[in-house]
Amino acid sequence: MQFRALKGMNDLLPGETERWQRLEAAFRRTMELHGYGEVRTPVLEPLELFVRSTGETSEIVEKQMFELERGGERLALRPEGTPGAARAFIGANQHAREPVTRWYYIGPMFRAEQPQRGRYRQFHQAGCELYGDAGPIVDAEMIGMLVEFLSGLGLEKLDVAVNSLGGPTTRTRYREALLAYLEPRSSQLSEHAQRRLRDNPLRILDSKDPRDRAVVADAPSILDVLEGDDRAHFEGLCRALEALGIPYRVDPGLVRGLDYYTRTLFEIQSTQGELGSQNTLVGGGRYDGMLKSLGGPDLPAIGFALGIERLLLALGDTQVPRPRRCFIAPVGERAMLEGLTLARDLRRSGVIVELDARGGSLKSLLRRASNLGSTICLVLGDAELDRGVVQVKELERHTQADVPRDQVVEHVRAALENGAER
Ligand code: AMP
């Protein structure tokens, strides 16, 4: 019997992981530049944590959680990073140490979705959380950081959408205004939206169903009911984005799927590369009430999550330069041991080496060296051993030379460095 990876869960093999590592390194650099430290939390959490934070009526908690039971406890694989980080923040009593905390994370998330390009069941997010600053300057700073990061990677066509959901009072007022508009039109809505009317009408603004889209097109805008501090906060965000020179679009229909958001919401989309319809790269927003609702301090917070798979799709074939490497082709019994020690010596001086000790013919070894994209192939046979040399073939330059064994390491290093400059 042959096993396959689970639906929507992918293996990442060398070659592909190199692109990931480069991206993750760039992300870490950006985060550290902005004063964020990395937090690593478990992938498994109490199910109730997500019910209480992500929200009972959110799509994720309703339909997409990977759940399990162990020792009478209900657990879930994390569908997103924010609740676990909040739990850790509260558990560590972090707010007693610092008035403002900046954390980032990179890791796998799990949602039982229908897989398609850019949508998987195990996917990876890089994200951050900023606790203890009510904004809006830090909100704009965070959006600015993302725009710099993404454009630094070579993405040009970025669409930044922002909205405000206001605080609890605005939300209640808007909910009433929205219901007053939607209820008389409920027969024109999808069945799903009709159910939402009762538990979470704001989410109808998010619906992709054409029937809902048609009704929602003329719905009252939340920005019309934003008042007082909520309005000042949103205007502050817009002013700060303008000060940074970030092009953005106000989208009153932007609600996003999670229940905990307050005030600032944002999304960044890209039309570049192979993204297709799943073109939202980043989603984020404020969640000023969440820490308190989880039994923690009454502190404001804001964060975002960026989908790594989607970002790589957007970047498309942007080539990650592959480090230059050396292949060792030993022919015959005696040459194997020499190949083994030569590989060790080369690696000690920082050369990437692949040693093929399967005992194939010289022809098949050379073919393999070339298929692997090796820059240099070192051939070792009885003739070379007898003369105390190694045959150095530079595959890109089509040259070969016999080099004394005790000079090989230096020779290969120099050849790889010269090649890198070409
Ligand atoms: P969310 O946590 O739903 O706000 O999503 C934030 C970002 O994570 C999205 O903009 C995507 O880039 C990425 N993302 C969310 N769900 C998936 C998924 N099922 N597969 C791949 N990426 C995803």
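This report covers salt bridges, a cavity, a buried helix and a strand hairpin in a predicted model.

## Salt bridges within reach of one helix turn

The structure contains 31 salt bridges. General chemistry gives the background: side chains of opposite charge can pair when their charged atoms come close.

One of these bridges joins K63 to E59. Their closest N and O atoms are 3.4 Å apart. Both residues belong to helix α3, which spans residues 59-64. They sit 4 residues apart, about one turn of the helix. The spacing fits a general rule: an α-helix has 3.6 residues a turn, so residues three or four places apart point the same way.

How buried or exposed are the two partners, K63 and E59? K63 is partly exposed, at 49% relative accessible area. E59 is also partly exposed, at 26%. The pair does not stand alone. E59, E62, K63, R196 and D199 are linked in a network of salt bridges.

## Two further pairs

E227 forms a salt bridge with R173, with 3.5 Å between the closest N and O atoms. This pair links distant parts of the chain, 54 residues apart. E227 lies in the loop between α9 (222-225) and α10 (228-243). R173 lies in helix α6, residues 168-182. R173 is partly exposed, with a relative accessible area of 32%.

D209 and R211 make another salt bridge, at 3.0 Å from N to O. D209 has 21% relative accessibility and counts as partly exposed. Buried would mean under 20%. R211 is partly exposed too, at 38%.

## The cavity

How many cavities of 30 Å³ or more does a search of the whole structure find? The search finds 1. The volume of the largest cavity is about 50 Å³.

Ten names make no picture on their own, so take the lining by element and by type. α1 (16-33) and α12 (308-315) each supply at least two lining residues. α1 gives the most, with 4 residues. The lining includes W20, L23, E24 and F27. I106, A126 and F149 also line the cavity, as do L306, I308 and L311.

By type, the lining has 9 nonpolar residues, no polar ones and 1 charged. The charged residue is E24, because Glu counts as charged.

## A helix largely enclosed

Helix α2 runs over residues 47-55. Why is it described as largely enclosed by the rest of the structure? The reason is that 7 of its 9 residues are buried. These are L47, L49, F50, V51, S53, T54 and G55.

Several elements cover the buried residues of α2. Strands among them are β2 (44-46), β3 (67-70) and β4 (73-77). Helices among them are α3, α4 (82-91) and α11 (290-293). Helix α3 also holds the K63 and E59 pair described above.

## A hairpin of two strands

Strand β15 covers residues 389-394, and strand β16 covers residues 399-404. They run antiparallel and are joined by 6 bridges. Which residue in β16 is the bridge partner of V392? The partner is A401.

The two strands form a hairpin with 4 residues between them. In the turn, H398 has a positive phi of about 55°. A general point helps when viewing such strands: in a regular strand the side chains alternate between the two faces of the sheet.

How values were computed. Residues numbered from 1 in each chain as written. Predicted model: local features only at pLDDT ≥ 70, side-chain atom pairs only at ≥ 80, totals over all residues. Heavy atoms only, no water. Salt bridge = Lys/Arg side-chain N within 4 Å of Asp/Glu carboxyl O. Buried < 20%, exposed > 50% of the residue type's maximum accessible area, 1.4 Å probe, protein only. 1 Å grid on protein atoms, 1.4 Å probe; cavity = no way out; pocket = protein on both sides within 12 Å on 5 of 7 lines; lining within 4 Å. Points joined across faces, edges and corners; volume = space filled by probe spheres on them. Contact = heavy atoms within 4.5 Å. Pairing = 2+ DSSP bridges.
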